[in-house]
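The following exercises are to be worked through with the sequence and the model at hand. Each task is followed by a solution in steps.

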Number of protein chains: 2
Amino acid sequence: MKNIIFFIAVLYYSLSFSQSDEVVIKSLYDNSLTDGKSYEWLDYLSNKIGGRLSGSANAEKAINWTKRELESLGLDKVWLQPVMVPKWVRGNPEISYIEMDNKKTDVNICALGGSIATPQSGIKASIIEVSGIEELKLLGKEKIQGKIVFFNRPMDATLIHTFKAYGGCVDQRYAGAMEAGKLGAVGVIIRSMNLKLDDFPHTGSMSYGNITVNQRIPSAAISTNDSEILSKKLKENHDLKFYLKQNCKQMEDVPSYNVIGEITGTEFPDKYIVVGGHLDSWDLADGAHDDGAGVVQSMEVLRLLKKNGIKPKHSIRVVLFMNEENGLRGGRKYAEIAKQKNEEHIFALESDSGGFTPRGFSFDCSDTDFNTILKWKPLFKPYLIHYFEKEGSGADIGPLKNESIVLAGLRPDSQRYFDYHHAATDTFEAVNKRELELGAATMTSLVYLVDKYGFK
Amino acid sequence: MKNIIFFIAVLYYSLSFSQSDEVVIKSLYDNSLTDGKSYEWLDYLSNKIGGRLSGSANAEKAINWTKRELESLGLDKVWLQPVMVPKWVRGNPEISYIEMDNKKTDVNICALGGSIATPQSGIKASIIEVSGIEELKLLGKEKIQGKIVFFNRPMDATLIHTFKAYGGCVDQRYAGAMEAGKLGAVGVIIRSMNLKLDDFPHTGSMSYGNITVNQRIPSAAISTNDSEILSKKLKENHDLKFYLKQNCKQMEDVPSYNVIGEITGTEFPDKYIVVGGHLDSWDLADGAHDDGAGVVQSMEVLRLLKKNGIKPKHSIRVVLFMNEENGLRGGRKYAEIAKQKNEEHIFALESDSGGFTPRGFSFDCSDTDFNTILKWKPLFKPYLIHYFEKEGSGADIGPLKNESIVLAGLRPDSQRYFDYHHAATDTFEAVNKRELELGAATMTSLVYLVDKYGFK
């Protein structure tokens, strides 16, 4: 019986890929690790350009530079896809302190993306701590009115997938000001989405939904260390005062671009495979992990294919999406144009989870397609790529979703991601060269297999 | 057929562990991640004690402090096991430069552990670059005599397991001076065992074997950046001079200790399970990854067992081995005493590969025992622990090897390990709290399963 099962297994797998695939994939990894461009590109993007919030001068620099770099790879086409993006500016550094017993304690804080400013003189008010929107609503207008609301529910440290811990907290950041504004609060501060205790505030997008302009209140993120301190002081003195001054501003939308490069397919030029990351980043650091890593890895996929002499059957595009962080306009625009042009996309792969050691992929697809993919899994074992799960894919490729496309996200080790995410710590130095390069090779290998075998 | 296989599989696995194991293991992980002591311990060991080379005052402090901490856990026994260890001291900081065209370029260098000093005035000589011991021997006495030999074979970046890349290079460090000394060289410098290009020299042990005292020559490691520079300059000018001054010294052996703690087994008190790391470290930094991480994780295993109310059937020992780095005297002593006392050890687990995200374990055991272990693998899947391979285990538990014991090593992600290994970069800040804690929980879970089910 054991032998029969073994025989069936061998037969089964031998139909799913060939021995030459092992050789090609080894060559992709070797090349990425010894002669890759991803790290050098990330150095430039992080250190010569830096943070690149949508609509900023740096975002424009990043568009022009990545376009030039893609052109230097000898792809079949490189172009810019116009898209209007929101423009939000932070303005002067935020000022904030706790005032208790006539003593001021400075606080590490940053405005959330999309927030309005405080008045010029700042706001000073009593503070009320809540564990989330539910508690806020239970407290109601009477308890909230005139106060600054402090959302302090931490990320759940017991979740092994740290993105799940993020998902369980981020409603505070996104909708906290909207909900508190409805109840007459004068401001909102949010515990940073960070599993580590440190002094860095983490920004990120927030929304006022459709509340009226006079209900809109300033919102900011406070570092995890200062969240702990503030919470402790509040227990000692409910009446302490909190001061916040910020002068960020939402401007008019401005024109920007997705950057796209293509190797045109030899057999199915009208069927597309997309690999991408987002070119915009928050403004507090260089956006090296989020999502500089995904950008350079996606560029590296096409470079590695060319370098290894692989002439893909399908057209393979790298798409560097603009405005993932505070609008997703780039991702929506790409899908909109693809639909307009009737372009059939069979596969899209996004890297937007940091440049850490790759563990595998998450897939959003049919069971049939997932089974096809699982047959390739043994090819990844030598590279310790073991994680193949049906889950979400990525924000920018989400708008491409339909009944036939396979969407996928690279899943790197997530333990350190939120140490850096949207904070001043997200710098080039926080990215390890080998980890970044392994991710690029892993993505390229999957794109190679999808292109070669397609989905049945 | 599919259903039958599924049924057999379910039956098979259902005999290998029970549902309550999932609950216990979840509790171990939760506890390590939310209420663990490993990170706090590592902070103390790294920042309050620091580097702890065998025979140093810091090594003694580490012995006393870990003993006290283990005593505070309420174990059944805590004791010190005497062992004589070598004592080598670095002395003053090394001085080194390249002299070319009457210009001196400083070089980042450090004496290798066990090396002799240079004369007071240093040595200055021509340099000859080789790719390894084989090339050295081919060049022979004529080419080597009177020169400083520069071993410059880099670690192989294409190996996914970076320890394999280390294994493929470390003969240069360990035996380079011995082999070059036989051929009349006056000194040896070794490219640091580091996959990253940076300015930090990495020390490590070397040996003169049994060559005569007058054949012994000073040996030092040079940073990877400076290796590149030196190699380039050598191509420009074969006759450049290299200067090295170091005043390290091998002293007489001194008394030291392994630190041991035990929870005595309820059913098989005379059968032992060992979990350990090494308490000594190199002197250039705090030895946070190597092997502070393994020390605190091993201590945490016993703390987590007690905290979770697990009363093990077998006696479980944490052993903090002394002198792994330059002698392995602690590991040998522990095995020697165990043999003398006829103690039956069924399992030993070592953590000495850094405090990075755990990927799994390597095992040195019979196929039968390995199959028993593989049945537990599904229990680890929620924690992304996927790597179960028959390979080596660890240096300190190696001397326990016999026909019946199962030896195992924790296998964390290895991509960043050699950025820190034996260099000034191996500090507390280089260790991520969650990654360390996940390792401790993973070790505890395996120890729990081995204790509960044993090996058939």
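**Exercise 1: A cis peptide bond**

B:D291 has its place in helix α9 of chain B, where helices (H or I, at least four residues) and strands (E, at least two) are DSSP runs numbered from the N terminus. The model is a predicted one, in which local features need pLDDT of at least 70, side-chain atom pairs count only at pLDDT 80 or more, and totals for chains, interfaces and linings use all residues. Residues are numbered from 1 along each chain as its sequence is written, while chains are lettered from A and ligands numbered from 1 in the order in which they are written.

Task: Identify the residue to which B:D291 is joined by a cis peptide bond.

Solution.
Step 1. The cis bond joins B:D290 and B:D291, with omega about 0 degrees.
Step 2. In chain A, a cis peptide bond joins A:D290 and A:D291, and omega is again about 0 degrees.
Step 3. A:D291 lies in helix α9 (residues 288-307) of chain A.

**Exercise 2: The sheet on which α9(B) packs**

Task: Give the strand order of the open sheet that contains β1 and β17 of chain B, and state which strands stand at its edges.

Solution.
Step 1. The order of the 8 strands is β1-β12-β14-β13-β15-β18-β16-β17 (chain B), and the pairing is mixed; two strands pair if DSSP finds at least two bridges between them.
Step 2. β1 (77-85) and β17 (387-390) of chain B each have a single partner strand and stand at the edges, so one side of each has no neighbour in the sheet.
Step 3. On average, neighbouring strands of this sheet are turned by 20 degrees against each other, direction ignored. Axes are lines fitted to C-alpha atoms, for helices over the stretch in contact, and angles run from 0 to 180 degrees between N-to-C directions.
Step 4. Within the sheet, β15 (residues 344-350) and β18 (residues 406-412) of chain B pair in the parallel sense over 4 bridges. The bridge partner of B:E350 in β18(B) is B:G409.
Step 5. Helix α9 (residues 288-307) of chain B packs on this sheet and touches β12 (254-263), β13 (268-278), β14 (314-321) and β15 of chain B. Its direction makes about 145 degrees with that of β13(B). Two residues are in contact if their C-beta atoms, placed from the backbone, lie within 7 Å.
Step 6. Helix α10 (residues 329-340) of chain B lies across β1, β12, β13, β14 and β15 of chain B, running at about 120 degrees to β1(B).

**Exercise 3: A second sheet and helix α5(B)**

Task: Describe the open sheet that contains β6 and β7 of chain B, and compare the end-to-end span of α5(B) with that of a straight helix.

Solution.
Step 1. The 8 strands follow the order β4-β3-β10-β6-β7-β8-β9-β5 (chain B), with mixed pairing.
Step 2. The edges are β4 (103-106) and β5 (109-111) of chain B, each with a single partner strand, so one side of each is left without a neighbour in the sheet.
Step 3. β6 (residues 123-130) and β7 (residues 148-151) of chain B run parallel and are joined by 4 bridges. B:I128 has B:V149 as its bridge partner in β7(B).
Step 4. α5(B) packs on the sheet, touching β6 and β7 of chain B, and its direction makes about 145 degrees with that of β6(B).
Step 5. Helix α5 (residues 133-144) of chain B has 12 residues, yet its end C-alpha atoms are only 12 Å apart, short of the 16 Å that a straight helix would reach at 1.5 Å a residue. The expected span is 1.5 Å times one less than the number of residues.
Step 6. α5(B) is followed by B:G146, whose phi is positive, near 80 degrees.

**Exercise 4: The packing of two helices**

Task: Classify the packing of α3(B) against α14(B) as roughly parallel, antiparallel, perpendicular or oblique.

Solution.
Step 1. Helix α3 (residues 38-49) and helix α14 (residues 433-453) of chain B pack at an angle of about 115 degrees, with their axes 9 Å apart.
Step 2. α3(B) is therefore roughly perpendicular to α14(B); angles under 35 degrees count as roughly parallel, over 145 as roughly antiparallel, 65 to 115 as roughly perpendicular and the rest as oblique.
Step 3. B:S38, B:Y39 and B:L42 of α3(B) make the contact with B:K433, B:L436, B:E437 and B:A440 of α14(B).

**Exercise 5: The relation of the two chains**

Task: Determine how chain B is related to chain A.

Solution.
Step 1. A turn of 180 degrees and a shift of 0.0 Å along the axis lay chain B on chain A with an RMSD of 0.0 Å. Copies are superposed by least squares on the C-alpha atoms of residues with pLDDT of at least 70 in both.
Step 2. The two copies are thus related as by a two-fold rotation axis.
Step 3. In chain B, the C-alpha nearest the axis belongs to B:H386, 3.6 Å from it.
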